[in-house]
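Work through the exercises below with the sequence and the model open side by side. Try each task before reading its solution.

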Amino acid sequence: MNLYLFNPENDLAIAFGGVNYTPPPAAQLIGRELSLLPLWYADEGTPTVIAPPDAVPDDFRHSLDSLGVSVSTVTWSQLAECRVNRVNVWGGNHDLSRRLSQAGVDASLLPTPAQCDRIRALSHRRLATDVGQYLTGRIDYPFPSLPVELHTPDEVRIFTEQPERRVLKAPWSGSGRGLYWNLYGYDRSLAQWSNGVLQKQGALMGELFYDKVSDWAMEFYSDGQRVTFAGYSSFLTDGHGAYKSNRLAPDDSLKRELCAVVGDELMEKVKTSLIDFFTSRIAPCYRGYFGVDMMLYRASDGTIRLHPFVEVNLRMNMGMVARRIADRFMTEGSEGTYRVDYCPRAGELYRDHLERQHENPAVIRQGKFVKGYFALTPVWPHSRYRASIEVSSP
């Protein structure tokens with residue numbers, strides 16, 4: 001059995017650092033309602049997904065038939081009866097390894113405590129600084145200033161009282177989370193937030209604010225020995241840096257768009273340098289997909305430049321989900337949007353789902369999306385979260 005688990009609380013569990021972690025209700029809810037998300041990035045075949053009982057309603061299972069997708073589910077209490085050959089989780093941490101082991105999964109299939117410690121250390125945002133130092137030493141390009149690590153309130157105050165706009169980041173937090181945009185200097189609000197992070201996590205990462213033009217990422221895969229390139233990602237965030245959606249487009253199209261701005265030579269040098277760096281630093285202790293967030297930004301002289309070390313997400317990520325969907329399920333030449341929505345009121349998401357199904361139904365030919373709206377996870381009358389795509393025909 002090839003076992004999959006969507007555990008979106010991973011970043012929070014990494015920040016916690018130990019075992020016996022209890023995710024907040026919101027993280028538990030998204031984990032339940034999007035439990036079938038691994039269907040769209042799993043290896044071909046019939047993946048077995050850890051999901052609540054009755055997670056696959058008949059209408060949803062029927063909607064998968066035209067795509068040639070099938071699914072098997074298992075609950076946590078049933079794991080002890082299963083013969084698991086491989087475990088694929090969204091992200092690995094101490095508490096998850098404990099839970100899977102207690103549920104009956106062979107410990108040899110899980111990261112050791114030492115590996116979990118190493119994964120946590122590499123998940124610290126200082127890894128972006130290490131990446132930046134490596135790229136700067138190998139590539140002749142005006143890269144952004146490296147992030148700095150701050151350990152005391154005085155260091156935070158001195159850093160944020162400089163004239164340029166600054167951004168503070170908690171060392172461990174979800175992608176797009178744990179950020180503080182410093183607009184007003186070292187005021188009471190900033191002092192309270194930063195002191196709280198320093199007490200819990202021991203440090204803050206500080207960097208300059210950049211006039212962002214667009215968000216990008218490179219995706220990679222580690223097989224435990226070496227790292228290989230897995231594709232490009234183009235995504236949108238909100239005003240606070242939180243994830244909103246990904247573009248669904250052929251990998252070559254995204255590459256051409258990015259290279260048209262900064263050049264093929266630079267992108268190739270960045271890609272090969274990152275492969276070398278991650279093969280040395282990450283491959284020995286991590287197996288799975290991960291991503292490096294990047295951005296195009298407008299420099300003070302008006303030129304558009306590449307920032308290739310915004311953040312490293314040492315886990316599966318939404319950009320890689322979009323990459324797998326585009327590569328496997330999209331008709332040649334078609335493009336679209338992959339998004340994860342949240343609606344606080346029960347019923348709103350379900351009504352929107354029904355309207356989109358009626359107004360823009362999915363057209364699927366030969367197991368590929370041609371156009372239209374398609375819910376990637378079941379949408380119930382009570383749903384608050386939904387993963388979906390909307391595709392436009394060529």
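**Exercise 1. Find the strand that holds Tyr-297, decide whether Tyr-297 is buried or exposed, and list what it touches.**

Step 1. Tyr-297 belongs to strand β12; helices (H or I, at least four residues) and strands (E, at least two) are DSSP runs, numbered from the N terminus. The model is predicted, so local features need pLDDT of at least 70 and side-chain atom pairs count only at pLDDT 80 or more, while totals for chains, interfaces and linings use all residues. Residues are numbered from 1 along each chain as its sequence is written, and side-chain values use heavy atoms, with hydrogens and water left out.

Step 2. Because its relative accessible area is 5%, Tyr-297 is buried (buried means under 20%, exposed over 50%, partly exposed in between, with a 1.4 Å probe and protein chains only).

Step 3. Contact means heavy atoms within 4.5 Å. Not counting residues up to four places away in sequence, Tyr-297 touches Pro-142, Pro-144, Tyr-210, Asp-211, Lys-212, Val-213, Thr-303, Ile-304, Arg-305, Leu-306 and His-307.

Step 4. Asp-215 lies 82 residues from Tyr-297 in sequence, and their C-alpha atoms are 9.0 Å apart.

**Exercise 2. Place His-353 and Ser-66 in the fold and state how exposed each is.**

Step 1. His-353 is part of helix α12, residues 348-359. With a relative accessible area of 8%, it is buried.

Step 2. Apart from neighbours within four places in sequence, the contacts of His-353 are Tyr-373, Ala-375, Val-379 and Arg-386.

Step 3. Ser-66 sits in the loop between α3 (58-65) and β3 (72-74). Its relative accessible area is 42%, so Ser-66 counts as partly exposed.

Step 4. Ser-66 touches Ile-364 and Gly-367, leaving out residues up to four places away in sequence. Its C-alpha atom is 9.8 Å from that of Phe-369, although 303 residues separate the two along the chain.

**Exercise 3. Look at Asn-20 and Gln-366: what is the sign of phi, and where does each residue lie?**

Step 1. Asn-20 is not a glycine, yet its phi is positive, about 60 degrees. Its place is the loop between α1 and α2 (25-33), and it is exposed at a relative accessible area of 55%.

Step 2. Gln-366 also has a positive phi, near 50 degrees, in a residue other than glycine. The loop between β15 (363-365) and β16 (368-375) contains Gln-366, which is exposed because its relative accessibility is 81%.

**Exercise 4. How many aromatic pairs are there, and which residues form the cluster?**

Step 1. Rings of Phe, Tyr and Trp (its six-membered ring) pair if their centres lie within 6.5 Å; planes under 30 degrees apart count as stacked, over 60 as edge-to-face and the rest as tilted. The count by this rule is 23 aromatic pairs.

Step 2. One aromatic cluster consists of Tyr-134, Phe-220, Phe-229, Tyr-232, Phe-277, Phe-278, Tyr-286 and Phe-290.

Step 3. A charge sits over a ring if NZ of Lys or CZ of Arg is within 6 Å of the ring centre and within 35 degrees of the ring normal. Lys-271 lies over the face of Phe-229, 4.9 Å from the ring centre. The charged end of Arg-165 sits over the ring of Phe-209, at 3.8 Å from its centre.

**Exercise 5. What lines the largest cavity, and where does Asn-313 lie?**

Step 1. On a 1 Å grid over the protein atoms alone, a cavity is a set of points where a 1.4 Å probe fits but cannot get out, and lining residues have an atom within 4 Å of a point. Grid points are joined across faces, edges and corners, and a volume is the space filled by probe spheres set on the points.

Step 2. The largest cavity holds about 160 Å³ of space. Its lining has 14 residues, and Asp-11, Ser-123, Ser-173, Val-312 and Asn-313 are the closest to its centre.

Step 3. α1 (10-16) and β13 (304-313) each supply at least two lining residues of the largest cavity.

Step 4. Asn-313 lies in strand β13 and is buried, at 7% relative accessibility. The C-alpha atoms of Asn-313 and Phe-290 are 5.7 Å apart, with their positions 23 residues apart along the chain.

Definitions and conventions:
1 Å grid on protein atoms, 1.4 Å probe; cavity = no way out; pocket = protein on both sides within 12 Å on 5 of 7 lines; lining within 4 Å.
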